[in-house]
Amino acid sequence: MSKYKNISEVFKKWGERNQKVPENNLSLKNEILEKVTFVREEIEIKKEKRSLPWVSIGFASIAILFMLGSSIFTSESGTFNKNNTVIEYRTPSSSFDLNDILYEDKKQIIPTWNVDGTPINDSREFLKTNYNATLLTRKIENKKTQIEIIVRGLGGRIDSSNGNKKYSNIVFAIPVDKFEIFRMEIKNLGWEKLFSENISSLNLLPEKQSIEESQKWVVNEFTTLKSERNQIVKNHTSVISGLSLRLRSIDQEISILQYELQTANADRRYQIESRLSQLSSEKNNILNEQANENKNYQIKLNSIDIRIKNTQNELKNLGLKDQKLMDNVATINGNISLRWVSLWEMGELYIPGPMVVWLLFIAAIISYFFWHRNSYISI
Amino acid sequence: MKLNKDQVGELWDEITPKLYGYLFNTLHDWSVADDILQTSWLKAIEALPNFKERNGGFSAWIFSIARNEMRMYWRKNNRQVEFDYNLHDISFKDEINEEMQFVEQLIKKLEKEDRELIRLRYIADLSFKDMTKILNINQVTLRVKIHRALGHARSIIKTQMYE
């Protein structure tokens with residue numbers, strides 16, 4: 001019974017032994033083959049009718065037309081920028097236009113400073129950097145949260161954050177010394193082809209120079225005003241002391257004359273009284289002059305004090321402005337847009353040329369194989 | 001294989017022993033098997049322009065025609081003849097050895113569906129792909145069914161050994 005252990009082998013042997021040809025095999029075969037001659041012509045006619053793989057040719061032609069069309073009509077606008085990093089350095093000039101600094105659809109304004117051409121002997125750089133990035137993703141919410149964590153983690157702040165399931169926008173600011181780390185972190189968020197960034201830097205040197213020039217001018221002004229004030233005080237003191245001296249002299253003469261008046265004769269008395277009257281009038285004049293001098297002095301002093309105070313305020317403001325500029329330079333303002341991407345778009349990004357062309361070529365190849373396969377008959 | 005007279009001849013030589021063996025083993029009648037073989041080939045050749053390979057190979061196609069012819073025959077005669085060596089196979093009887101007899105008895109004891117699967121697989125020597133086209137079932141189901149049929153055959157052998 002061991003020979004029945006492998007039942008498949010037994011059936012195989014049995015099957016082979018059952019394979020027989022009929023006794024009249026040859027005559028049957030010839031009869032069938034005679035029929036073939038007739039039928040074969042029909043088949044050949046059918047085959048002739050579809051002698052060319054028209055479907056494949058059609059697909060291939062459409063693909064070529066698409067390819068030519070897309071190479072002629074493709075424009076950069078409206079497509080995702082594949083140059084994923086753009087760095088721009090700008091130096092403002094006298095012809096600096098506000099429209100120049102409106103970047104694409106971001107409407108972001110970089111401060112302008114209208115000065116005449118900046119001389120080359122000053123090579124200092126005060127770069128104000130703006131960062132714009134676009135990330136295509138299929139998980140908007142997830143990426144948005146990750147970006148916010150990165151910004152806050154690097155000591156930055158989120159200025160605005162909005163969006164929906166298809167689009168999101170995050171406006172933020174981060175310290176300049178963390179910028180490179182930030183860029184690396186953001187780049188690691190998605191595939192390279194799905195990421196595009198635009199970094200624009202503007203040298204704020206003209207603004208800085210203007211502030212410095214203003215500061216120099218204000219300091220000079222301040223020094224001038226101070227010396228002016230001192231001169232006014234000095235002049236006033238001199239005038240007042242001169243007048244006081246004259247007054248004292250008049251007073252002394254009056255005292256002497258009044259003492260002499262007690263013992264003087266009529267003629268001398270007349271002379272003394274006349275002189276006293278003259279001295280009194282002179283004294284009054286000096287007193288008036290002194291009062292006028294004090295009044296004028298006070299006016300001048302007040303005026304110059306106000307000017308000095310204004311200059312001090314201006315100096316303080318310029319200091320604040322300078323600090324603000326330095327803080328501005330030390331801050332990177334940025335904007336990241338997240339946009340949902342479909343699988344088709346992803347395909348478009350990764351496959352060279354329009355994807356529809358590739359699909360049409362594949363369709364052409366498949367249809368050709370079908371056509372080719374149908375031309376054969378196997379057992 | 002492109003179709004021409006010589007190649008149809010090759011097809012005949014390749015397929016006919018299997019088809020005829022299958023027909024005879026199913027019908028148990030030489031003359032009926034001859035008729036159905038001839039009819040099947042004629043129909044196959046006539047309908048060859050309409051043959052589409054996606055429905056299986058040529059073998060699957062001609063076996064399908066033959067099975068259809070057998071069904072028509074049974075419908076007309078209203079019965080399936082049981083195999084009887086004495087009545088049906090006088091010429092064949094001389095060649096029967098012990099093993100063949102044993103397997104025939106075994107086949108006879110199997111269910112009708114199992115019998116058909118064993119015939120198509122071992123006499124017709126059809127591939128699983130062609131069998132799925134003929135029986136209109138998927139390949140997994142077919143493999144399971146064949147496995148079960150072989151299992152039934154094994155259990156019958158075991159029963160016979162104990163008896």
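This note sets out numbered points on a predicted model, beginning with its aromatic rings.

1. Aromatic pairs. Over all chains, the structure holds 13 aromatic pairs. In one of them, the ring centres of A:Y368 and A:F369 stand 6.0 Å apart and the ring planes meet at 70°, so this pair is edge-to-face. The reasoning rests on the angle, because planes over 60 degrees apart count as edge-to-face. A:Y368 has 35% relative accessibility and counts as partly exposed, while A:F369, at 52%, counts as exposed.

2. A stacked pair in chain B. The rings of B:F24 and B:W30 also form an aromatic pair, and this one is stacked. Their centres are 3.6 Å apart, with 5° between the planes. B:F24 is buried, its relative accessible area being 3%. B:W30, with a relative accessible area of 23%, is partly exposed.

3. A loop residue with positive phi. B:H28 belongs to the loop between α1 (5–27) and α2 (30–46) of chain B. The phi of B:H28 is positive, about 60°, although this residue is not a glycine. Is B:H28 buried or exposed? B:H28 is buried, with a relative accessible area of 7%.

4. A ring cluster and a neighbouring strand. In chain A, ring pairs join A:Y131, A:F172, A:F179 and A:F182 into a cluster. One member of this cluster, A:Y131, can be considered together with A:I199: the two residues are 68 apart along the chain, yet their C-alpha atoms are separated by 4.6 Å. A:I199 is part of strand β5 (residues 195–203) of chain A. With a relative accessible area of 3%, A:I199 is buried.

5. Two arginines and one ring. Which residues lie over the face of B:F128? B:R121 does so at 4.1 Å from the ring centre, and B:R143 also lies over the face of B:F128, at 4.1 Å from the ring centre. The ring concerned belongs to a buried residue of helix α8 (residues 128–135) of chain B. The buried residues of this helix are B:F128, B:D130, B:M131, B:T132 and B:I134.

6. The residue after α8(B). Helix α8(B) is followed by B:N136, which has a positive phi near 60°. B:N136 is not a glycine, and its place is in the loop between α8 and α9 (139–162) of chain B. B:N136 is exposed, with a relative accessible area of 69%.

7. A helix pair in chain A. Two packed helices are described by the angle between their axes and the distance between the axes. For helix α6 (residues 205–261) and helix α7 (residues 266–329) of chain A, the axes come within 8 Å and cross at roughly 165°. The two helices are therefore roughly antiparallel to each other, since angles over 145 degrees count as such. The crossing of α6(A) and α7(A) is left-handed. How do the residues of this contact divide into nonpolar, polar and charged, and how many are there of each? The contact has 28 nonpolar, 10 polar and 24 charged residues.

8. A position on α7(A). A:S303 is located in helix α7 of chain A. At 38% relative accessibility, A:S303 counts as partly exposed. A:S303 and A:R229 are 74 residues apart along the chain, and their C-alpha atoms are separated by 9.5 Å.

Notes
Residues are numbered from 1 along each chain as its sequence is written. Chains are lettered from A and ligands numbered from 1 in the order in which they are written. This is a predicted model: local features need pLDDT of at least 70, side-chain atom pairs count only at pLDDT 80 or more; totals for chains, interfaces and linings use all residues. Side-chain values use heavy atoms; hydrogens and water are left out. Rings of Phe, Tyr and Trp (its six-membered ring) pair if their centres lie within 6.5 Å; planes under 30 degrees apart count as stacked, over 60 as edge-to-face and the rest as tilted. Buried means under 20% relative accessible area, exposed over 50%, partly exposed in between (1.4 Å probe, protein chains only). A charge sits over a ring if NZ of Lys or CZ of Arg is within 6 Å of the ring centre and within 35 degrees of the ring normal. Axes are lines fitted to C-alpha atoms, for helices over the stretch in contact, and angles run from 0 to 180 degrees between N-to-C directions. Helices (H or I, at least four residues) and strands (E, at least two) are DSSP runs, numbered from the N terminus. Angles under 35 degrees count as roughly parallel, over 145 as roughly antiparallel, 65 to 115 as roughly perpendicular and the rest as oblique. A crossing is left-handed if the near helix is turned anticlockwise from the far one by less than a right angle, and right-handed if clockwise. Ala, Val, Leu, Ile, Met, Phe, Trp, Tyr, Cys and Pro count as nonpolar, Asp, Glu, Lys and Arg as charged, and the others, Gly among them, as polar.
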